[in-house]
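User: I should like a close look at a single residue and its place in the chain. Please set out the surroundings of that residue in connected prose.

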Amino acid sequence: MKKTSLLLAFVAIISFSVSGQDYKTSVGLRAGLPYGLTAKHFLSKTNAVEGILASSWGGFVITGLYENEHWTGQYPGLNWFWGAGAHIGFWDADRNPNFDETYGGNAVLGLDAILGLEYTFDEIPLNLSIDLLPTFNIIGYTGWGGINGAISVRYVF
């Protein structure tokens with residue numbers, strides 16, 4: 001009971017100190033393609049880096065993105081962003097019907113772009129994000145990787 005009370009007090013203190021898009025770091029879950037964990041850290045007011053550790057096609061992929069954030073101008077806490085980055089991963093060719101026999105399930109290296117919208121709550125330390133993540137593989141299973149997308153829910157520090 002003491003641990004629960006202490007945890008609730010800690011969350012309450014943090015939630016009162018968080019406001020708008022003025023956070024530095026957020027960590028959470030990504031639901032979509034690929035699904036997994038996401039962390040975002042602001043380098044300045046408008047520039048951020050995001051890392052995604054995700055599971056996809058019976059393997060995993062690590063994605064690093066550099067993002068540029070813009071305020072929508074109408075609603076506090078609501079921003080849109082765009083960016084670019086790269087990914088590396090290992091996928092099971094038998095799990096994806098689009099992979100041909102030349103792939104064989106080896107490592108994949110590729111380029112990514114991202115376009116999204118995010119909202120950070122004033123009242124609670126929570127950030128919601130929706131994005132489109134087009135990918136292009138340059139090593140391994142080469143070619144167009146598709147337009148992936150996801151909803152992310154992150155805890156704001």
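The request concerns Asp131: where does Asp131 lie, and with which residues is Asp131 in contact?

Analyst: The account below begins with the whole chain and then turns to Asp131. This is a predicted model, in which local features need pLDDT of at least 70 and side-chain atom pairs count only at pLDDT 80 or more, while totals for chains, interfaces and linings use all residues. Residues are numbered from 1 along each chain as its sequence is written, and side-chain values use heavy atoms, with hydrogens and water left out.

The chain holds one helix and eight strands, where helices (H or I, at least four residues) and strands (E, at least two) are DSSP runs numbered from the N terminus. Their order along the sequence is α-β-β-β-β-β-β-β-β. Of the 157 residues, 39% count as buried, a term that means under 20% relative accessible area, with exposed over 50% and partly exposed in between (1.4 Å probe, protein chains only).

Asp131 lies in strand β7, which covers residues 126–139. Asp131 is buried because its relative accessible area is 3%. Contact means heavy atoms within 4.5 Å. With neighbours within four places in sequence left aside, Asp131 is in contact with Arg30, Phe81, Ile114, Leu115, Gly116, Asn148, Gly149, Ala150 and Ser152. One of these, Leu115, is 16 residues from Asp131 in sequence, and their C-alpha atoms are 5.6 Å apart in space.

Arg30 also makes a polar contact with Asp131, side chain to side chain, at 2.9 Å. A polar contact is a pair of N or O atoms within 3.5 Å; within protein, one must be able to donate a hydrogen and the other to accept it, and residues adjacent in sequence count only if both atoms are side-chain atoms.
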